[in-house]
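Got your viewer open and a selection box ready? Load the model below and follow along, one selection at a time.

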Amino acid sequence: MLTKRIKFYQLFSEYFQIALGIILASIGLKAFLLPNGFLDGGVTGIAILLNSQFDINVSLLLVVFSIPFLILGYHTVSKRIVIKSILSILGLALFIHFENFRTITEDKLLISIFGGLFVGAGIGIAIRNGSVLDGSEILGIFINDRFGVSIGKVILVFNVILFSVTAFVISTEIAMYSILTYIITAKVTDLIIEGFEDFIGVTIVSKDYEKIKTAIITELGAGITVYKGRIGFGSTGEIEDFDIIHTIINRIDIKKMYRVISNIDDNAFIVEFDVNNVKGGVLRHYLNRKKNKKLITHPLKNS
């Protein structure tokens, strides 16, 4: 019974957030982009471009041009994602058709910025919950799956063609503002998907690993994971067992971590890499530094 309640809550939460994403995207389109003839990227951009030239209903165009991409998605991604995407695109089309937001500003720069912000937030929220509001992402997944071309490159080429046509058909100025809108949309989408916190993964190799483990826990309050390793396969030929330290910290603390490690071993080998998402462990609720003496007795606590 409890499991069913949890599943229901998760399902409700996903669709509620998708609905929120639809509302945000439609605000960006109807209150900013559409009244001023500005485009976004992808299928939405194609629909706006054709609407400006032939006065065909944007909602209808959005649904029609999404169909081929949804068919591709049926053979590329999971059926659950396709079903969610169908509902999301229909919801966005209906919302755009029936809502009647007044134009908030006529300043072209503000239109590009805030139109991109709202549309990007809507797309990002939808993607985080297993749906898409624009079929170009599915096209990117399909081509990546078949030909190995990165999704980002596929979407970029798709939009370069779209904005080039816009510059030729409408005006270069509209195309330039639309590119600005697309860039903002893409950045906000990434921010929503990856989260507002910026985490860094760090792997540390040092002969003073015991001191470094203690320092990370006591001075940074971060959790660590320890791997057993062997050193000495270089020019010296000496082999020695040691601990490889792995931890994840907020980017804000990275300089402090380097100082802490340098004070112990200035020659420590450090590998730093970006982390897109973190779940569980002790990272989000940093270790209690007041109780760190007890925590040191369990140095293998996962980050």
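The stops below go from nonpolar cores to a strand and then to charged pairs.

**Stop one: the main core.** Keep in mind that this is a predicted model. Start by selecting Leu 29, Leu 62, Leu 92 and Leu 133: in the largest nonpolar core, which has 39 residues, these four touch the most other members. Now color the helices from H1 (2-36) through H8 (172-194); H1, H2, H3, H4, H5, H6, H7 and H8 each give two or more residues to this core. The top contributor is H1, with 9 residues.

Zoom in on Leu 29. Which residues does Leu 29 touch, not counting residues up to four places away in sequence? Show Leu 34, Pro 35, Thr 44, Ile 48, Leu 92, Ile 96 and Val 119, and you have the set.

**Stop two: the other core.** Jump to Ile 200, Ile 212, Ile 216 and Ala 268. They are among the 19 residues of a second, separate core.

**Stop three: strand E1.** Select residues 199-205. This is strand E1, mostly covered, with 6 of its 7 residues buried. E1 runs antiparallel to strand E3 (residues 240-250), joined by 7 bridges; look for Gly 201 opposite Ile 248. Strand E4 (residues 269-275) also runs antiparallel to E1, again with 7 bridges, and there Phe 199 stands opposite Val 275.

**Stop four: charged pairs.** The model has 6 salt bridges. Select Lys 108 and Glu 173, whose side chains meet at 2.8 Å, N to O. Lys 108 belongs to helix H5 and Glu 173 to helix H8, so this pair ties together parts 65 residues apart in sequence. Lys 108 is partly exposed, at 34% relative accessibility, and Glu 173 is partly exposed too, at 40%.

**Stop five: around Asp 243.** Next, show Lys 213 and Asp 243, which form a salt bridge at 2.9 Å, N to O. This one connects helix H9 (residues 209-220) with strand E3, 30 residues apart. Add Lys 228, whose side chain meets that of Asp 243 in a salt bridge at 2.8 Å, N to O. Here strand E2 (residues 224-231) is linked to strand E3, across 15 residues.

Are these side chains buried or exposed? Lys 213 and Asp 243 are both buried, and Asp 243 counts as buried because its relative accessibility is 4%, under the 20% cut-off. Lys 228, in contrast, is exposed, at 70%.

Finish by adding Glu 210 to the selection: Glu 210, Lys 213, Lys 228 and Asp 243 are linked in a salt-bridge network.

Note on methods. Residues numbered from 1 in each chain as written. Predicted model: local features only at pLDDT ≥ 70, side-chain atom pairs only at ≥ 80, totals over all residues. Heavy atoms only, no water. Core = buried A, V, L, I, M, F, W, Y, C linked by side-chain atoms within 4.5 Å. Buried < 20%, exposed > 50% of the residue type's maximum accessible area, 1.4 Å probe, protein only. Helix = DSSP H or I, 4+ residues; strand = E, 2+ residues; numbered from the N terminus. Contact = heavy atoms within 4.5 Å. Pairing = 2+ DSSP bridges. Salt bridge = Lys/Arg side-chain N within 4 Å of Asp/Glu carboxyl O.
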